[in-house]
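Visitor: Please show me the model, and let us then discuss its pockets.

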Amino acid sequence: MEFGVKSGSPEKQRTACIVVGVFEPRRLSPVAEQLDEISEGYISNLIRRGDLEGKAGQMLLLHHIPNVLSERVLLVGCGKERELHERQYKQIVTKTIKTLNETGSMEAVNFLTELHVKGRDTYWKVRQAVEAANESVYTFLQLKSKKGEPRRPLRKIIFNVPTRKELPSGEHAIEHALAISRGVKACRDVANMPPNICNPQYLNDQAAALVEEFDSLSLETVGEDKMEALGMHSYLAVGRGSDNESVMSVITHTGADTSQAPIVLVGKGLTFDSGGISIKPSEAMDEMKYDMGGAAGVLGVMHAVATMNLPINIIGILAGCENMPDGKAYRPGDIITTMSGQTVEVLNTDAEGRMVLCDVLTYVERYEPDTVIDVATLTGACVIALGKHASAVFTQHNPLAHEILNASEQSSDKAWRLPLWDEYQEQIDSPFADMANIGGRPAGSITAACFLSRFTKKYNWAHLDIAGTAWISGKNKGATGRPVPMLTQYLMNKADMGGETS
Ligand code: BES
Ligand code: MN
Ligand code: ZN
């Protein structure tokens, strides 16, 4: 989809559709008011007759309004004016795009960007609208034999901003949102791919295709032989029950002098997690194809940062692996020596994400990173704690926690910090090894983070548990593209190009 910004009056627009807001109860927004005047009360008449109350998400499509040049006007219910917060704004924009897409307007001029959203500026409103637009027209139809796309899909949206002075921030917002949307789409596409196609090698192929597109990117592939030589026995143990080889893809974005320490992102890339010998119950097991959501997110972020060519060095690692039961599979009771030299007693082969990540977290020491953030669909317990709305953030480094939470707030990609206190560490004590790979039911996400923390002593580190946010279940099942917006924002901030001031 194409986007643009302009600053003009509604009646002068000559387009397929103009989009204006109506508040509850039956109150016209200033722009709707302007249209009403020029059309000699056409809109207020309709509204008086009860055609639109103005409840959030209500839509009324009008044709050929007197004295208005555009073919259509879409009136959008925005709820009570004082209650127009960011969540409502995003919901309204999403619904608007869906309506436009289904009602034959191929182009629209959107005046919703002029509404007042508490605490948010034009940059934010345009950026969120562009991201929401791209997100809401997303489909994954590659594997359907009949594709069924809309006949006249929406192709272009122009956002109207109140003053010419705001045009540059609107343009920046579009540019940033497009980069993020590309990343989100890359993430969703690879995450939605079924596990008979998307295996660790496929992840690496996607990484290879991405680095082809951008000069700043390069790829190093670490297969099982190399892992063996490096002593990554814990990572290898998880993949041993699978016929699909483990593959670790290291994508490097060089945006600054190579003497600058990189920021490293590590994504859990379990292309399928059956649980292994500690096999999972069969209900919704298909969703464990999404256990590579962390890797998909990292791939998406690399796409976005390369698109923006951020002037910092970033390394994104996809830790590809498949967890299957088999005669060669690792078992409960096994004691494994990790790449760090620390030993782990496996009590549950379904706690495999940490077994893979711990070796990658040791591997990345070689980059002498400034910061390392791992991203993983790590624990069901995280879904119990935070549901599907927020990703969990764990770190012992307070400044890093704040940077991540700020980015989350700026990008409206919700995250919430959970504690990583030493008190929890003893839950993963083992009588036979340096640690066990599970810590019992209480605080399951925290003990998983505690496990990882033992492999991250050489740098500043944070862990994101995206088990609840990476995909949605049920009828509208699908990858969300999270946490690509938050992490991209974090990196944009690191590169000093955070928002409308850039
Ligand atoms: N990939 C799962 C976590 C998961 C489960 C994410 C459901 C999203 C939805 C992870 O590998 C896992 O199986 N974790 C176990 C850990 C347990 C054995 C300590 C879990 O959460 O049940
Ligand atoms: Mn598991
Ligand atoms: Zn898993």
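The questions below concern the two pockets and their linings.

Guide: This is a predicted model, in which local features need pLDDT of at least 70, side-chain atom pairs count only at pLDDT 80 or more, and totals for linings use all residues. Residues are numbered from 1 along each chain as its sequence is written.

Visitor: What is the volume of the largest pocket?
Guide: A pocket is an open set of points on a 1 Å grid over the protein atoms alone where a 1.4 Å probe fits, with protein on both sides within 12 Å along at least five of seven lines. The volume is the space filled by probe spheres set on the points. For the largest pocket this gives about 1400 Å³.

Visitor: Where does the largest pocket lie with respect to domain 1 and domain 2?
Guide: Its lining (residues with an atom within 4 Å of a point) numbers 37 residues, with K90, E135, I472, T480 and R482 the closest to the centre. Both domain 1 (2-162) and domain 2 (182-494), with bounds from an automatic or database domain assignment, give residues to this lining, so the largest pocket lies between them.

Visitor: Which helix gives the most to the lining of the largest pocket?
Guide: Helices are DSSP runs (H or I, at least four residues), as are strands (E, at least two). Elements that each supply at least two lining residues include α4 (122-136), α5 (167-192) and β19 (471-472). The most, six residues, comes from α3.

Visitor: Which element has the largest share of the lining of the second largest pocket?
Guide: The second largest pocket has a volume of about 1200 Å³. Of its 40 lining residues, K280, D350, T379, G380 and A381 are the closest to the centre. The largest share, five residues, belongs to α11.

How values were computed
Chains lettered and ligands numbered in written order. Heavy atoms only, no water.
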